[in-house]
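Me: I am new to this structure and should be grateful for a close look at one part of it. My interest is in the salt bridges and their surroundings.

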Amino acid sequence: MPYPFQITSLDQYHQDHKKSVDDPEGFWGNIADNFLWKQKWQKVLNWNFKEPKIEWFRGGKLNITENCIDRHLAEMGEKPAIIWEPNNPEERTRIVTYNRLHKRVCQFAQVLRNNGVKKGDRVCIYMGMIPELAYAVLGCARVGAIHSVIFGGFSAQSIADRLEDAQAEYIVTCDGAYRGGKDIPLKSVIDDALVGNKKVKRVIVYTRTRTPVSMIKGRDVWWEDEMEHAEAQVEKQGVVSFPAEEMDAEDPLFILYTSGSTGKPKGVVHSSAGYMVWTTYTFVNVFQYKPGEIHFCTADIGWITGHSYIVYGPLSAGATSLMFEGIPTWPDAGRFWDIVAKHKVNILYTAPTAIRSLMGFGDEPLKDKDLSSLRILGTVGEPINEEAWHWYDEKIGHKNCPIVDTWWQTETGGTLISNLAGVTPAIPSWASLPMPGIQPVLVDENGHEVTEKDEHGHLKGNLCIKAPWPGILRTTYGDHERCRKNYFATYENLYFTGDGALKDDKGNYRITGRVDDVLNVSGHRIGTAEVENAINMHAGVVESAVVGYHHDIKGQGIYAYVIFQGRHINDEMTRMDILQTVSRIIGPIAKPDKIQFVTGLPKTRSGKIMRRILRKIAEGELDSLGDVSTLLDPAVVDEIKNNRL
Ligand code: WTA
């Protein structure tokens, strides 16, 4: 598959960016012509950020799975779509060709239909990183159901909340999942999440670990039985088919829950056509993908990165996507490098936290590892520090592989700011230039564009985007007002990202991190309010305040200040109890790294917690707390300082 929209020079980048700003409809209309439509659109773009109302390719009809699968079959049917590397290196690798993917997705779409799933129904997916997860996601898209994938690190309570919010009636899961040395009992977590749930009609269970599971008659069915049954329905005389549901360009494709500054995660909704165009366009350009190459994105499909750059972007581009079940440090810290050598990976896309953690193991795990197939490296999820960037460049890329630092968010569908590998310059720890279609602007607290440079000649402000791109979120599920308030109301007529950034005089951006109460722990997004709510649910906790602090490996760690007045044996025991509560309420990924018991929290006279002070104490910046005399109880600050962990 050739990519007529691939940018091949710096000049072309500038021209395309200009075109995309001067004539967005002409620009994106041309790009959308490279996809398979059941019916062409009438209007490329229709929008206002006030409501917000954003429509791309209105009137167009399509099914994303025909773009990700069917259109590649004639020429690439026997080429690998997915290469799957199991958690256990001794286990057999699986290679899923486009033909095979087509068959499995058609089969699973039939399974969904047999179980009553219709267009627009919500299907919650809670599985490990196995090819069946991709079949489940694509099977949903095939029948027009809206999938909502939940990361395996979330607890039963978190799943229950998401099921409720999405009003989901169907679940696809596994008996268990392998991750490093652990078996995670997914079905049993689902069973806990379903206690008291009256909405869910069907749970489809794939066998991966063969841990004993309860199977409730009339509700739970085995994936294998269902697939076997569906096989005869979709395959007649050797021809496999399952008609792809005709979707409107703006029909929702999926919901993905993500954390914000308020307590409850929100269901970000992506559209069918715009998301497809954006993920494909950014995949092909950022990674400069060449047909035949092997792309290894190490994210989990439970996060947006996996949706966009393991499944939809690569497959729509006819690429080979490597999917890995395990973790980078198991059975040892050389696992990524073994995988690169074994499968001759060309593009490696991972998170700074993984790079920093592997860096900590020194050169030993790299010994005798053949990394010569690598052509391009990428990072995502959090700012990358220069030390990690250089290690990645030298030890992994042997100074031969351009590194792309891709900045984006669940809400943006795909990359908004990044260099294009080998085409536009890479600058360590700078995401650099906006993609065509993206018009960033840095504003001050009042929403005015910043114009004054700092001592390094950089502009500094809150990062906003002026106009929609095809992959922007359309709403938050079931609550459009929340979407407006969260992203479009802080500054008039701008999409507000929640990130702060610097801009240099060449137009490059450096993301400095969140400016709201959202933490980024090992590249996982977690809201401080969410963690506080969970801690506060623990018996004996009176109040808590959670802030982030610099963590060498995770990027950010979670620091909790807790007022506790319950039954107390010793601090350590109470700490462990609180961690257990947080694990139950949100999941192990939200466990605080540090819990400091305090007798009070610094508050203004109006009762607002002064997080700025708590953040400084957590960071150890004890001399720059600023004026604390206006606090309700200034003495509490000294106590907190003195007992700092
Ligand atoms: C942060 C992940 C710096 C940022 C795709 C953003 C980054 C949040 C980068 C979104 C990067 C992501 N450099 N920071 N290259 N990429 N971020 O929704 O704070 O899980 O707002 O999406 O991660 O996290 P999310």
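Are Arg 611 and Glu 532 buried or exposed?

Reply: The model is a predicted one, and the description below should be read accordingly. Arg 611 is buried, and Glu 532 is buried as well. Buried here stands for a relative accessible area under 20%. The side chains of these two residues form a salt bridge, with 2.8 Å from N to O. Arg 611 belongs to helix α17 (residues 611-619) and Glu 532 to helix α15 (residues 528-536), and the pair links distant parts of the chain, 79 residues apart.

A further salt bridge also involves a stretch of chain next to α17. Here the side chains of Glu 543 and Lys 603 meet, at 3.0 Å from N to O. Glu 543 sits in strand β30 (residues 541-551), while Lys 603 is found in the loop between β32 (594-597) and α17; these distant parts of the chain are 60 residues apart. Glu 543 has a relative accessibility of 23%, so it counts as partly exposed.

These pairs are part of a wider set, for the structure holds 40 salt bridges. Another of them joins Glu 25 to Lys 43, whose closest N and O atoms are 2.7 Å apart. Because Glu 25 lies in helix α2 (residues 24-32) and Lys 43 in strand β1 (residues 43-48), the pair ties together parts that are 18 residues apart in sequence. Glu 25 is partly exposed, at 29% relative accessibility, and Lys 43 is likewise partly exposed, with a relative accessible area of 36%. Salt bridges also occur as a network, in which Glu 55, Arg 58, Lys 61 and Asp 248 are linked.

Lys 43 leads on to the nonpolar interior, since Phe 57 touches Lys 43. Leaving aside residues up to four places away in sequence, the contacts of Phe 57 also include Trp 28, Ala 32, Trp 37, Trp 41 and Val 44, together with Ala 249, Ala 273, Gly 274 and Val 277. Phe 57 and Trp 28 are among the residues with the most contacts inside the largest nonpolar core, which has 162 residues. Leu 101, Ile 125, Met 127, Trp 223 and Tyr 312 are also named among those residues. Domain 1 (66-245) and domain 2 (518-642) each contribute at least three residues to this core. Apart from this core lies another, of 28 residues, among them Ile 294, Phe 296, Phe 324 and Cys 401. In soluble globular proteins, nonpolar side chains tend to be buried together.

Definitions and conventions: Residues numbered from 1 in each chain as written. Predicted model: local features only at pLDDT ≥ 70, side-chain atom pairs only at ≥ 80, totals over all residues. Heavy atoms only, no water. Core = buried A, V, L, I, M, F, W, Y, C linked by side-chain atoms within 4.5 Å. Buried < 20%, exposed > 50% of the residue type's maximum accessible area, 1.4 Å probe, protein only. Domains from an automatic or database assignment. Contact = heavy atoms within 4.5 Å. Salt bridge = Lys/Arg side-chain N within 4 Å of Asp/Glu carboxyl O. Helix = DSSP H or I, 4+ residues; strand = E, 2+ residues; numbered from the N terminus.
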